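User: Hi! I have a model open and would like to talk it through with you. Could you take a look?

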Amino acid sequence: MKKIIALILIISLVFSLSAETITHSSFNYKYESYEEEEFPLWTIELRRAETVFFGSLVFTVPISSVAIGLLSNQGIINFNNTTQAALVNLSAAAGLSLVVAAVDWVLGKME
């Protein structure tokens, strides 16, 4: 198995070294920026909420992991297996991220 993985890595390295780089001048394409009224306001707000939600997961996953670990060590929460613990951890992190995105949206509306 290790030989197969090594062979795949070597082949991909050889192909990547011999690949032709694509430059911007090789395309006949001119970039046009978005106009101000091109998208409805709700899509812009949805995009911001999505960015805040997934960006805050970086912080909420460790926070929820520590909190659930402490609750589990104290015997307040008991899990049958590690899969259940992981699902609870990710669900708690997603809930926290949703709260962060909602607070960001509310603060944006207040401005």
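User: Let's start at the N-terminal end. How many buried residues does helix 1 have among its 17 residues?

Analyst: The count is 0, so helix 1 is hardly covered, with "buried" meaning under 20% relative accessible area. Keep in mind that this is a predicted model. Helix 1 covers residues 2–18 and reaches 24 Å from its first C-alpha to its last, close to the 24 Å expected at 1.5 Å a residue.

User: And the rest of the fold? What order do the elements run in?

Analyst: From the N terminus on they go α-α-α. That is 3 helices and 0 strands in the protein.

User: What share of the 111 residues counts as buried?

Analyst: Just the figure for you: 9% of them. As for contacts with a separation of 6 or more, 80% are between residues 24 or more positions apart.

User: Okay, helix 2. Where does it bend?

Analyst: The bend is at V58, by about 45 degrees, and the proline P62 follows within four residues. Helix 2 runs 41–73. Its 33 residues reach 46 Å from first C-alpha to last, close to the 48 Å expected at 1.5 Å a residue.

User: Which of its residues are buried?

Analyst: In helix 2, those are V52, F53, S56, T60, S64 and I68. Helix 3 is included in what covers them.

User: Then what do the buried residues of helix 3 pack against?

Analyst: They pack against helix 2. The buried residues in helix 3 are N89, A93, S97 and A101. Helix 3 itself spans 82–110, and its 29 residues reach 42 Å between the first and last C-alpha, close to the 42 Å expected at 1.5 Å a residue.

User: N89 catches my eye. Why does it count as buried?

Analyst: N89 has 14% relative accessibility, and the cut-off for buried is under 20%, so N89 falls on the buried side.

User: Which residues does N89 touch, not counting those up to four places away in sequence?

Analyst: N89 touches V61, S64, S65 and I68. Two of those names came up earlier, since S64 and I68 are on the list of buried residues in helix 2.

User: Moving to the loop between helix 2 and helix 3. What is the phi of G75 like, positive or negative?

Analyst: Positive, near 85 degrees, and G75 follows helix 2. F79 is also worth a look, as its place is in the loop between helix 2 and helix 3.

User: Why is F79 called partly exposed?

Analyst: Its relative accessible area is 22%, and partly exposed lies between 20% and 50%, so F79 belongs in that class.

User: What is F79 in contact with, leaving aside neighbours within four places?

Analyst: F79 is in contact with I68, S72, Q84, A85 and V88. I68 is also on the list of residues that N89 touches.

User: Change of topic: pockets. How much space lies in the largest pocket?

Analyst: About 160 Å³. The lining is made up of I44, E45, R48, A49, D104, W105, L107, G108 and K109.

User: Which helix gives the most to that lining?

Analyst: Helix 3 does, with 5 residues. Helix 2 and helix 3 each supply at least two.

User: And how does the lining split by class?

Analyst: There are 4 nonpolar, 1 polar and 4 charged residues in the lining of the largest pocket.

User: Great, thanks for walking me through it!

Notes: Residues numbered from 1 in each chain as written. Predicted model: local features only at pLDDT ≥ 70, side-chain atom pairs only at ≥ 80, totals over all residues. Heavy atoms only, no water. 1 Å grid on protein atoms, 1.4 Å probe; cavity = no way out; pocket = protein on both sides within 12 Å on 5 of 7 lines; lining within 4 Å. Points joined across faces, edges and corners; volume = space filled by probe spheres on them. Nonpolar A, V, L, I, M, F, W, Y, C, P; charged D, E, K, R; others polar. Buried < 20%, exposed > 50% of the residue type's maximum accessible area, 1.4 Å probe, protein only. Contact = heavy atoms within 4.5 Å. Expected span 1.5 Å × (residues − 1). Bend = angle between axes of the 7 residues up to and from the residue.
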